[in-house]
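Trainee: I'm new to this one. Could you take a close look at a single part with me, the salt bridges, and walk me through them?

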Amino acid sequence: MSKFLKECYSTLDAYVPGEQPKDGEYIKLNTNESPFPPSSGVINAVNSQEVKKLRLYSDPTGAALKQKIAALYGVKENNVYLANGSDDILNFSFMAFSGDKGSAVYPQISYGFYKVFAALYGISAEEIPLKDDFSIDYRDYLNKNKFIVIANPNAPTGLCLPLSEIEEIIKSNSENVVVIDEAYVDFGGESAIPLTKKYDNLLVCQTFSKSRSMAGARLGFAIGNEALIADLELIKYSTNPYNINRLTLIAGAAAIDDDEYYRNNCKEIIKNREYTVNALKKLGFRVIDSRANFIFAESDRIDGETLYKRLKEERILVRHFSTEKIVNFNRITIGTMEQMQQFIKTVEKILEEVK
Ligand SMILES: *Cc1c(COP(=O)(O)O)cnc(C)c1O
């Protein structure tokens, strides 16, 4: 750290991304990426003609992509905000919507970045514990009169809140923004997008990183009331108007055109998830009921960290958090059926060793 860094940043605990190993091949089940490639439409759209155009700035309005997203989700273009990954939307939301005194509410066990953004902006955060079964009790979020962020499905548990409960939270906090982070909604959740027509304080954010196989392209979007979207645009044009590069804008539009391909991939992931859950349960694991492209599991036959380390030696990466209450768990991204069969076979072998 240099002597020039502002003091308020010197104590930041930055987000720690999952490992992206460089020492050869792994079965990579640790960062919730898709095991499937982008659609052929995306692969063809990002061609040498488009690469040649990289000398030109990208369209700062993202009009063509906004149009497609708006049509797909049944909203207007001015209800859509495009971002360089949905992390950027969360960033701007903590920056812009946490109130003049700066406060935020989110679940204590959830996406690790919420805590980081709160610290970045000096926001006083109320982290609400999950219930013993890891579920969110929506009643804990009623009448908070503070900026609220909830991942639905939640990470790393995969559990969902029903839309009726989400609506109660939105309704009872009408003077504050409620962000519903739907990074995993395509794997079996129910989207709150229709509620954006009814409530001006709801912002729904989604990403192309998981269900649309484009984590490396960095593309996220938010849907909400046009005034909220205008606020996000204001921040964007005050920081980085060309926040999405040309190739990503084109790839995103092609991905929306190939929506059916991605829906089928999601069905495949759901099928592979069911296979993995059943197989782990047969081995005595406790598995939380997931509606995401990952599962969260623990066993009393082996502790979470040991299992993570042994799997890594077997060249299978999963995600282990050393956070209290969940240290015995591992989060396992759902890959192809072949990968999941290999994973289960390896877990069986490891369990044999520790018997
Ligand atoms: C992956 C993830 C994001 C970030 O997605 P990007 O679009 O890749 O920035 C946001 N929220 C949750 C809960 C996630 O798991």
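Mentor: Let's start at Lys68, which is partly exposed because its relative accessible area is 30%, and a residue counts as exposed only over 50%. Keep in mind that this is a predicted model. The side chain of Lys68 meets that of Asp257 in a salt bridge, 3.0 Å from N to O. Lys68 sits in helix H4 (residues 63-73) and Asp257 in helix H9 (residues 246-257), so this pair ties together parts that are 189 residues apart in sequence. Asp257 itself has 53% relative accessibility, so it counts as exposed.

That pair belongs to a bigger set, as the structure holds 23 salt bridges. The general idea is simple: side chains of opposite charge can pair when their charged atoms come close.

Now hop over to Lys115 and Glu127, which also form a salt bridge, with their closest N and O atoms 3.3 Å apart. Here the partners come from a helix and a strand: Lys115 lies in helix H6 (residues 113-120) and Glu127 in strand E4, so the parts tied together are 12 residues apart in sequence. Lys115 is partly exposed at 45% relative accessibility, and Glu127 is partly exposed too, at 26%.

Strand E4 is a handy way into the sheet. Seven strands make up an open sheet with mixed pairing, in the order E2-E8-E7-E6-E5-E3-E4. E4 (124-128) and E2 (80-83) stand at the edges with a single partner strand each, so one side of each has no neighbour in the sheet. On average, neighbouring strands here are turned by 20 degrees against each other, direction ignored. Further in, E3 (residues 103-107) and E5 (residues 147-151) pair in the parallel sense over two bridges, and Ala104 stands opposite Phe147 in E5.

From E5 you can step across to helix H7 (residues 163-172), which lies across E5, E6 (178-181) and E7 (202-207) and runs at about 155 degrees to E6. This helix has a salt bridge of its own, between Glu168 and Lys171, whose closest N and O atoms are 3.7 Å apart. Both residues lie in H7, three residues apart, or about one turn of the helix. Glu168 is partly exposed at 32% relative accessibility, and so is Lys171 at 44%.

One last stop: salt bridges can also join up into a group, as with Arg310, Glu313, Glu314, Lys349 and Glu353, which are linked in a network.

Terms used: Residues are numbered from 1 along each chain as its sequence is written. This is a predicted model: local features need pLDDT of at least 70, side-chain atom pairs count only at pLDDT 80 or more; totals for chains, interfaces and linings use all residues. Side-chain values use heavy atoms; hydrogens and water are left out. Two strands pair if DSSP finds at least two bridges between them. Helices (H or I, at least four residues) and strands (E, at least two) are DSSP runs, numbered from the N terminus. Axes are lines fitted to C-alpha atoms, for helices over the stretch in contact, and angles run from 0 to 180 degrees between N-to-C directions. Contact means heavy atoms within 4.5 Å. A salt bridge is a side-chain nitrogen of Lys or Arg within 4 Å of a carboxyl oxygen of Asp or Glu. Buried means under 20% relative accessible area, exposed over 50%, partly exposed in between (1.4 Å probe, protein chains only).
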